[in-house]
Each structure stands twice: as C-alpha cells, then as structure tokens.
Amino acid sequence: MAFAVECEVTEEREKTFHIPVMAKEVVQFLNCAKGGVFVDLTVGEGGHAEEILKASSQVFLVGVDWDEEILGRARKRLKEFEGRFMLVRDNFVNVDTILQDLDLKEVDGVLLDLGISSFHLISKRGFAFNEDVPLDMRMEKSGPLTADEIINRWPLEEVRRIIRFYGDEKWASKIVKAIGERRLKGGIRSARELADLISQVIPKKFHPEKIHPATKTFLALRIAVNQELKNLKEVLEKLPFCLKKGGRIVVLSFHSLEHRIVKEVFGRLSKDCICPSWYPQCLCGGNRKVLELITRRPILPGEEEVRRNPRSRSAQMRVAEKI
C-alpha cells in the first residue's frame, strides 16, 4: 500500500539536490499544463516532480522510488505542494499494482528517468570512484545482491561477461584477471580500491578524456546489482495499459543498452505487425498497436544544458502516446 516516507536530510546533502535533465521538455511532452494525474516512476530527489507540479495547479503526482532515504529528500523538496502529491516506496516495475493500490485505473502521463541521482553518488554505497566505502551499489538497501559479492565471489567468467556486456568495456578481460589476482590477496573491499585497480589495468594512453576509466565497470555492476535492464523491459511492457487514451510515456535513457531497449519496445508496441519487412506475409498473427511514437528520433539536451549539467550529455528522450 502507498505511504509517505519521512527522512532526516543532512545540511551537506541538502546543498546537492539533483538537477533534473531536460525538465522543460519533460513537462512539455507530458502535457502537464493541462493538468491531470502523472506518475514519476523514478522520482529520486523530486527534481522532475517539482517541475511537473509547477506546470499546473490541477496536477496531482504520484512519485515512486525504491530508496526510502531518497524519498525523504523528495518530500522535503516538494513540501510546498503538500496535498497534491503522494510518494510510494516500491520498485517501478510494480507500476500496475501500485496504481491498483491507489485506486488509479489510468493516468495522464508517466515519466521514467533512468539516470543515477546525485544523492546516490554521495550516499556512501559505493557508486562513486573516490570513496573508501564497501562495494554495495544497491539502490534499495535491503536488496539481496551487492557489488561486493559479484566482485569477490562470483565466477570470474561471469564477472567478465557482466563488465563486457553491460559496460561495453573492451578491457574487461584484463580487469577481471586483475580482480582474480586481488582475490588471492584478500579481495577488493572498497569502491576506491576497485576504481584504482581499473585505472592501473587500463593503459594510461587509453584512459577516456571526460570520464573516469572505471566508469564502464561501475555502470555494469550497478546494472547487474539492481537488475536494471530486466526491470526496464518489464515496466515498458506494462505502461501503455496504465494510461488513458492520449496519455504519454516519457523516458530518459543514458547509455546504449537502455537506448536500445526503449527504442525496441516502443517500436514494437507502435506497430500492427512486427514481422521483418522482407516476409512475404504476416506470420506474427498481428501485433496490437497500442502506442503512437511522438518522437521518431530521440531528443537530446542542448549545448547550454550540457555545459550547466555535464551528466546530461548522454541523455536521450523518447516519447510515445497511448492510442
């Protein structure tokens, strides 16, 4: 059942509220100015939620996040809109049951922002490269799997597969060999230790210019720990059936695997037939089209936004409408 989450927010963290990516475009494409019920399935610290609520006094917002602590920050940020929003602690993949519990059959729009929050980078859970903290990386602190278990206990070939596939890291084999050698000396116990190891393994001349050399490996571990791609596929399949006719889905994705999943699912749900174009006749039995693509090409952040918020540079926005 839905419930509001209270949480003490330290002064240090209060100064580092997350800057929402393409907030103006999110509000525009969701048609928030018309009012209605909207769901921010990755409400985080409430950046997009705040802009959605500002768009019209006729907006009611349901904010979902599976991190109890971050919901406390969102409540603090949204306090001026008390009575016009509700926060729910749950995994966004459960959107259908969340709405059922709230007696909401259909809503006017849904937002999915798949980027990591600034909060998690200062949360002492091992998301940041320079922290002497355990390798955790769970978005929800009671989750069963941690990055420490993957790095120190999983079969090395499986670790290599995760880093190579989820992180698109071409140095995965060398990184995993070094991890195996470090296991013989007691293992890797902190985020900083892993980041330093990766920096040493990848030759300096191949270090990327704009990101830390451990970025791809940390991304891969975060995806694996939180089952991000599996959850994304599942929720995208459910969302059209949570919307009113004309309701919209806005998705902000941040890396190639996310981009690919959103593009594929949106594409399939916006066609009456999903057979390859070279088939002489339809063999799929006729796919039931439920979405209309609003953005044929992804929307990218402008130069000014990237300058102001460098983490927005990899963002892509895709929008679809319930028919």
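This passage looks at one helix and one strand of the structure shown above, helix 8 and strand 7. The model is predicted, so local features need pLDDT of at least 70 and side-chain atom pairs count only at pLDDT 80 or more, while totals for chains, interfaces and linings use all residues. Residues are numbered from 1 along each chain as its sequence is written, and side-chain values use heavy atoms, with hydrogens and water left out.

Helices (H or I, at least four residues) and strands (E, at least two) are DSSP runs, numbered from the N terminus. Helix 8 spans residues 156-167, 12 residues in total. From first C-alpha to last it reaches 16 Å, close to the 16 Å expected at 1.5 Å a residue, the expected span being 1.5 Å times one less than the number of residues. Its buried residues (under 20% relative accessible area, 1.4 Å probe, protein chains only) are Val-159, Ile-162, Ile-163, Tyr-166 and Gly-167. These residues lie on the same side of helix 8 because they cover an arc of only 100° around the axis, taken from the directions from the helix axis to the C-beta atoms. Among the elements covering them are helix 7 (147-153), helix 9 (172-183) and helix 13 (256-269). Right after helix 8 comes Asp-168, with a positive phi near 50°.

Turning to strand 7 (residues 316-322), 6 of its 7 residues are buried. Strand 5 (residues 243-253) pairs with strand 7 in the antiparallel sense over 6 bridges; pairing requires at least two bridges found by DSSP. Here Val-251 has Arg-318 of strand 7 as its bridge partner. Strand 6 (residues 291-293) also runs antiparallel to strand 7, joined by 3 bridges, and Leu-293 is partnered with Ala-320 of strand 7.

How values were computed
Buried < 20%, exposed > 50% of the residue type's maximum accessible area, 1.4 Å probe, protein only. Contact = heavy atoms within 4.5 Å.
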